[in-house]
Amino acid sequence: MESDRTKWNQRFESEDSFLGERPSPFLVREMERIKRLAPGVKALDIACGEGRNSIFLAQHGFRVTGLDISDVGIAKGIRRADNAGVRVEFRQTDLEGYRICESFDLIINFNFLLRELIPEEVGALTPGGLLLFDTILESPHLLASHNPAYLLGRGELRQIFTAYDGDILFEEEMEQGEMPTSRLMFRKSG
Ligand SMILES: C[S@@+](CC[C@H](N)C(=O)[O-])C[C@H]1O[C@@H](n2cnc3c(N)ncnc32)[C@H](O)[C@@H]1O
């Protein structure tokens with residue numbers, strides 16, 4: 001949606017690094033397991049923002065495509081990847097109504113929730129492929145105001161992913177702290 005592009009462009013323009021340059025701690029923590037289990041090196045970063053996680057994956061040998069609606073975020077990602085000496089294929093993309101037409105060995109979906117895209121993500125995984133999900137959980141501890149449509153309910157990720165053919169390798173809900181979070185790692189059946 002054009003309003004999402006405008007909103008996120010403004011955020012990414014307002015600060016040098018809106019989300020920080022460090023990759024997600026969850027991704028860092030799980031990297032060894034990801035490398036051990038992923039059936040190949042083709043990775044997709046859903047709503048990649050300024051590219052911090054795409055770049056980290058590329059530094060670990062993945063061939064990464066990063067999709068995001070914000071041209072400002074994408075431009076920063078390209079610059080940062082260049083500076084880091086890695087190659088990431090960043091594509092400006094509106095994910096609403098988007099169909100994923102390629103297969104990936106690893107898909108990450110961090111700090112972004114578009115429920116209609118989840119079946120597409122699972123469908124795009126190669127057999128044995130991994131999907132990591134990590135986004136904001138609805139909670140009374142949540143400080144900033146958020147659109148409730150973009151918040152996960154308690155137990156929601158588990159409920160969604162048990163419907164698919166595969167295994168939930170890890171799940172965690174953290175209600176405390178400034179940013180309550182729900183995380184999950186799913187492996188599609190081989
Ligand atoms: C909180 S940021 C997360 C960025 C990244 N996943 C990370 O963790 O660093 C949310 C991202 O979703 C993107 N976004 C919002 N609506 C979108 C849409 N309809 N299609 C594609 N990207 C969208 C924004 O541009 C922004 O980069």
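## Around the ligand

In this predicted model, a backbone N or O atom of Leu95 sits 2.9 Å from a nitrogen atom of the ligand. Ala47 does something along those lines: one of its polar backbone atoms is 2.7 Å from a ligand nitrogen atom. Asn111 brings in its side chain instead, with an N or O atom 2.9 Å from an oxygen atom of the ligand.

Zoom out a little and you'll count 18 residues around the ligand. The ones that come nearest are Ala47, Arg52, Asp68, Leu95 and Phe110.

## The sheet

Now for the strands. There are seven of them in an open sheet with mixed pairing, and reading across you get β3-β2-β1-β4-β5-β7-β6. At the edges stand β3 (88–92) and β6 (166–174); each has a single partner strand, so one side of each is left without a neighbour in the sheet. Going from one strand to the next, the twist averages 10 degrees.

As a reminder, strands of a sheet pair through backbone hydrogen bonds, either parallel or antiparallel.

## The β6–β7 hairpin

Which way do β6 and β7 pair? They run in the antiparallel sense, with eight bridges between β6 and residues 181–188 of β7. If you want to trace the register by eye, start with Gly166, whose bridge partner in β7 is Lys188. Then try Ile168, which is bridged to Phe186 of β7.

Between the two strands of this hairpin lie six residues. Keep an eye out for Gly177 in the hairpin, as Gly177 takes a positive phi near 85 degrees.

## Where α1 meets α4

On to a helix pair: α1 (residues 2–14) packs against α4 (residues 71–84), with the axes 7 Å apart and an angle of about 45 degrees. The two helices therefore count as oblique to each other, since 45 degrees falls outside the ranges for roughly parallel, perpendicular or antiparallel.

Who's touching whom? From α1, the contact uses Arg5, Asn9, Phe12 and Glu13, while α4 supplies Asp71, Val72, Gly73 and Lys76. Sorted by class, that contact has four charged, two polar and two nonpolar residues.

Methods:
Residues are numbered from 1 along each chain as its sequence is written. This is a predicted model: local features need pLDDT of at least 70, side-chain atom pairs count only at pLDDT 80 or more; totals for chains, interfaces and linings use all residues. Side-chain values use heavy atoms; hydrogens and water are left out. Two strands pair if DSSP finds at least two bridges between them. Helices (H or I, at least four residues) and strands (E, at least two) are DSSP runs, numbered from the N terminus. Axes are lines fitted to C-alpha atoms, for helices over the stretch in contact, and angles run from 0 to 180 degrees between N-to-C directions. Angles under 35 degrees count as roughly parallel, over 145 as roughly antiparallel, 65 to 115 as roughly perpendicular and the rest as oblique. Contact means heavy atoms within 4.5 Å. Ala, Val, Leu, Ile, Met, Phe, Trp, Tyr, Cys and Pro count as nonpolar, Asp, Glu, Lys and Arg as charged, and the others, Gly among them, as polar. A residue is near a molecule or strand if one of its heavy atoms lies within 4 Å of it. A polar contact is a pair of N or O atoms within 3.5 Å; within protein, one must be able to donate a hydrogen and the other to accept it, and residues adjacent in sequence count only if both atoms are side-chain atoms.
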